[in-house]
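Biologist: Before I plan anything at the bench, could we go through this model together, beginning with its interior and then turning to its surface?

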Amino acid sequence: MSKTYPSKVDWPILLPVLALPVIFVLTSMGASAAHSHGLAAALRVLFLLTIAFTLWTVVGTFYTLDDRTLYVRCGPFRWRIPLEEIRSVTATRDSRSGPALSFDRLCIEYAGGRRMLISPRDQQAFLRDLEQRRRTSP
(Lines give C-alpha, C1' and ligand atoms only; values in the text may rest on other atoms or scores of the structure.)
Protein backbone atom coordinates (compact mmCIF):
# COMPACT_ATOMS: atom_id res chain seq x y z
CA MET A 1 0.00 0.00 0.00
CA SER A 2 1.38 3.41 -0.91
CA LYS A 3 1.71 6.39 1.44
CA THR A 4 2.04 10.03 0.40
CA TYR A 5 3.99 12.64 2.35
CA PRO A 6 3.37 16.33 1.57
CA SER A 7 6.31 18.72 1.44
CA LYS A 8 7.07 20.92 4.39
CA VAL A 9 6.82 24.59 3.35
CA ASP A 10 9.13 27.38 4.56
CA TRP A 11 8.04 30.99 4.07
CA PRO A 12 11.50 32.18 2.95
CA ILE A 13 11.21 29.82 -0.01
CA LEU A 14 7.53 30.48 -0.68
CA LEU A 15 7.58 34.30 -0.52
CA PRO A 16 9.73 34.87 -3.65
CA VAL A 17 7.56 32.39 -5.54
CA LEU A 18 4.41 34.22 -4.47
CA ALA A 19 5.98 37.58 -5.32
CA LEU A 20 6.29 36.66 -9.00
CA PRO A 21 2.56 37.08 -9.75
CA VAL A 22 2.58 40.48 -7.99
CA ILE A 23 5.51 41.57 -10.16
CA PHE A 24 3.63 40.45 -13.27
CA VAL A 25 0.50 42.36 -12.22
CA LEU A 26 2.48 45.55 -11.70
CA THR A 27 4.32 45.06 -14.98
CA SER A 28 1.14 44.38 -16.94
CA MET A 29 -0.58 47.44 -15.43
CA GLY A 30 2.29 49.65 -16.53
CA ALA A 31 2.40 48.02 -19.97
CA SER A 32 -1.32 48.45 -20.58
CA ALA A 33 -1.07 52.15 -19.75
CA ALA A 34 2.01 52.75 -21.90
CA HIS A 35 1.71 50.22 -24.75
CA SER A 36 -0.72 48.46 -27.01
CA HIS A 37 -3.61 46.33 -25.85
CA GLY A 38 -1.92 43.33 -27.52
CA LEU A 39 1.10 43.58 -25.25
CA ALA A 40 -1.11 44.03 -22.19
CA ALA A 41 -3.15 40.95 -23.18
CA ALA A 42 0.04 38.91 -23.69
CA LEU A 43 1.31 39.96 -20.27
CA ARG A 44 -2.01 38.97 -18.68
CA VAL A 45 -1.77 35.52 -20.26
CA LEU A 46 1.82 35.20 -19.04
CA PHE A 47 0.65 36.32 -15.59
CA LEU A 48 -2.08 33.66 -15.50
CA LEU A 49 0.33 30.97 -16.66
CA THR A 50 2.81 32.02 -13.97
CA ILE A 51 0.15 31.84 -11.26
CA ALA A 52 -1.01 28.42 -12.50
CA PHE A 53 2.56 27.09 -12.57
CA THR A 54 3.28 28.51 -9.10
CA LEU A 55 0.15 26.99 -7.57
CA TRP A 56 0.77 23.68 -9.32
CA THR A 57 4.28 23.57 -7.89
CA VAL A 58 3.30 24.53 -4.33
CA VAL A 59 0.23 22.30 -4.10
CA GLY A 60 1.76 19.52 -6.18
CA THR A 61 4.97 18.88 -4.23
CA PHE A 62 4.81 15.57 -2.41
CA TYR A 63 6.55 12.23 -2.05
CA THR A 64 4.91 8.82 -2.36
CA LEU A 65 6.35 5.53 -1.17
CA ASP A 66 5.10 2.17 -2.35
CA ASP A 67 6.63 -1.27 -1.82
CA ARG A 68 9.33 -0.78 -4.47
CA THR A 69 9.56 2.88 -5.42
CA LEU A 70 9.85 6.45 -4.14
CA TYR A 71 7.89 8.80 -6.39
CA VAL A 72 8.81 12.48 -6.14
CA ARG A 73 6.45 15.03 -7.61
CA CYS A 74 6.91 18.79 -7.85
CA GLY A 75 4.24 20.36 -10.04
CA PRO A 76 4.84 19.12 -13.59
CA PHE A 77 8.15 17.46 -12.67
CA ARG A 78 8.26 13.79 -11.67
CA TRP A 79 10.97 11.39 -10.58
CA ARG A 80 10.87 7.67 -9.86
CA ILE A 81 13.55 6.18 -7.61
CA PRO A 82 13.52 2.40 -7.05
CA LEU A 83 14.03 1.72 -3.34
CA GLU A 84 16.76 -0.81 -4.13
CA GLU A 85 18.83 1.98 -5.75
CA ILE A 86 18.83 4.22 -2.66
CA ARG A 87 22.31 4.23 -1.14
CA SER A 88 21.83 6.71 1.71
CA VAL A 89 19.47 9.29 3.19
CA THR A 90 20.89 12.16 5.25
CA ALA A 91 19.45 15.30 6.79
CA THR A 92 20.71 18.51 5.22
CA ARG A 93 20.02 22.23 4.94
CA ASP A 94 21.54 22.34 1.46
CA SER A 95 20.09 25.30 -0.46
CA ARG A 96 20.54 23.84 -3.93
CA SER A 97 17.48 23.55 -6.09
CA GLY A 98 15.32 20.50 -5.67
CA PRO A 99 11.73 19.38 -5.25
CA ALA A 100 11.68 20.67 -1.66
CA LEU A 101 9.75 23.66 -0.33
CA SER A 102 11.69 23.79 2.93
CA PHE A 103 15.34 24.13 3.94
CA ASP A 104 14.75 21.23 6.36
CA ARG A 105 15.64 18.61 3.77
CA LEU A 106 16.69 15.05 3.21
CA CYS A 107 19.37 14.25 0.65
CA ILE A 108 18.69 10.93 -1.03
CA GLU A 109 21.70 9.46 -2.77
CA TYR A 110 20.89 6.74 -5.26
CA ALA A 111 22.29 4.77 -8.20
CA GLY A 112 24.83 6.45 -10.42
CA GLY A 113 25.86 8.97 -7.76
CA ARG A 114 22.66 10.95 -8.25
CA ARG A 115 21.08 13.01 -5.46
CA MET A 116 17.57 14.23 -4.77
CA LEU A 117 16.67 16.87 -2.17
CA ILE A 118 13.24 16.44 -0.63
CA SER A 119 11.46 17.93 2.38
CA PRO A 120 8.68 15.74 3.75
CA ARG A 121 6.65 17.54 6.43
CA ASP A 122 6.95 14.55 8.79
CA GLN A 123 10.56 13.51 8.22
CA GLN A 124 10.67 10.95 11.01
CA ALA A 125 7.58 9.09 9.76
CA PHE A 126 8.92 9.25 6.19
CA LEU A 127 12.31 7.85 7.24
CA ARG A 128 10.73 5.04 9.29
CA ASP A 129 8.41 4.13 6.42
CA LEU A 130 11.25 4.28 3.86
CA GLU A 131 13.51 2.06 5.96
CA GLN A 132 10.75 -0.47 6.61
CA ARG A 133 9.92 -0.65 2.90
CA ARG A 134 13.60 -1.00 1.94
CA ARG A 135 13.98 -3.93 4.36
CA THR A 136 10.91 -5.73 3.01
CA SER A 137 11.37 -4.77 -0.66
CA PRO A 138 11.68 -7.85 -2.91
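Biologist: Which residues touch the most other members of the largest nonpolar core?

Modeller: This is a predicted model, and its largest nonpolar core holds 17 residues. The strands β2 (61–65), β3 (69–74), β6 (105–110) and β7 (114–118), together with helix α3 (123–136), each supply at least two residues of this core. Within the core, the residues that touch the most other members are L70, I118 and F126.

Biologist: Which residues does I118 touch, not counting residues up to four places away in sequence?

Modeller: Contacts with residues up to four places away in sequence are set aside here. What remains for I118 is a list made up of Y63, V72, P99, A100, D104, R105, L106, I108 and F126.

Biologist: Are C74 and C107 buried or exposed?

Modeller: A residue counts as buried when its relative accessible area is under 20%. C74 has a relative accessibility of 9%, and C107 has one of 7%. Because both values fall under that cut-off, C74 and C107 are classed as buried.

Biologist: How many disulfides are there?

Modeller: A disulfide is counted where two cysteine sulfur atoms lie within 2.5 Å. By this rule, the count is 0.

Biologist: Turning to the surface, which residues make the nonpolar patch?

Modeller: The patch covers about 400 Å², and α2 (37–59) and β4 (77–82) each supply at least two of its residues. W56, which lies in helix α2, is partly exposed, with a relative accessible area of 42%. The residues that make the patch are F53, W56, F77 and W79.

Conventions:
Residues are numbered from 1 along each chain as its sequence is written. This is a predicted model: local features need pLDDT of at least 70, side-chain atom pairs count only at pLDDT 80 or more; totals for chains, interfaces and linings use all residues. Side-chain values use heavy atoms; hydrogens and water are left out. Patches are made of residues with over 30% relative accessible area and no salt bridge: like charges are joined within 9 Å, nonpolar side chains (Val, Leu, Ile, Met, Phe, Trp, Tyr) within 5 Å. Accessible areas come from the Shrake-Rupley method with a 1.4 Å probe; for residues, only the protein chains shown count as cover. A salt bridge is a side-chain nitrogen of Lys or Arg within 4 Å of a carboxyl oxygen of Asp or Glu. Helices (H or I, at least four residues) and strands (E, at least two) are DSSP runs, numbered from the N terminus. Buried means under 20% relative accessible area, exposed over 50%, partly exposed in between (1.4 Å probe, protein chains only). A nonpolar core is a set of buried Ala, Val, Leu, Ile, Met, Phe, Trp, Tyr and Cys residues joined through side-chain atoms within 4.5 Å. Contact means heavy atoms within 4.5 Å.
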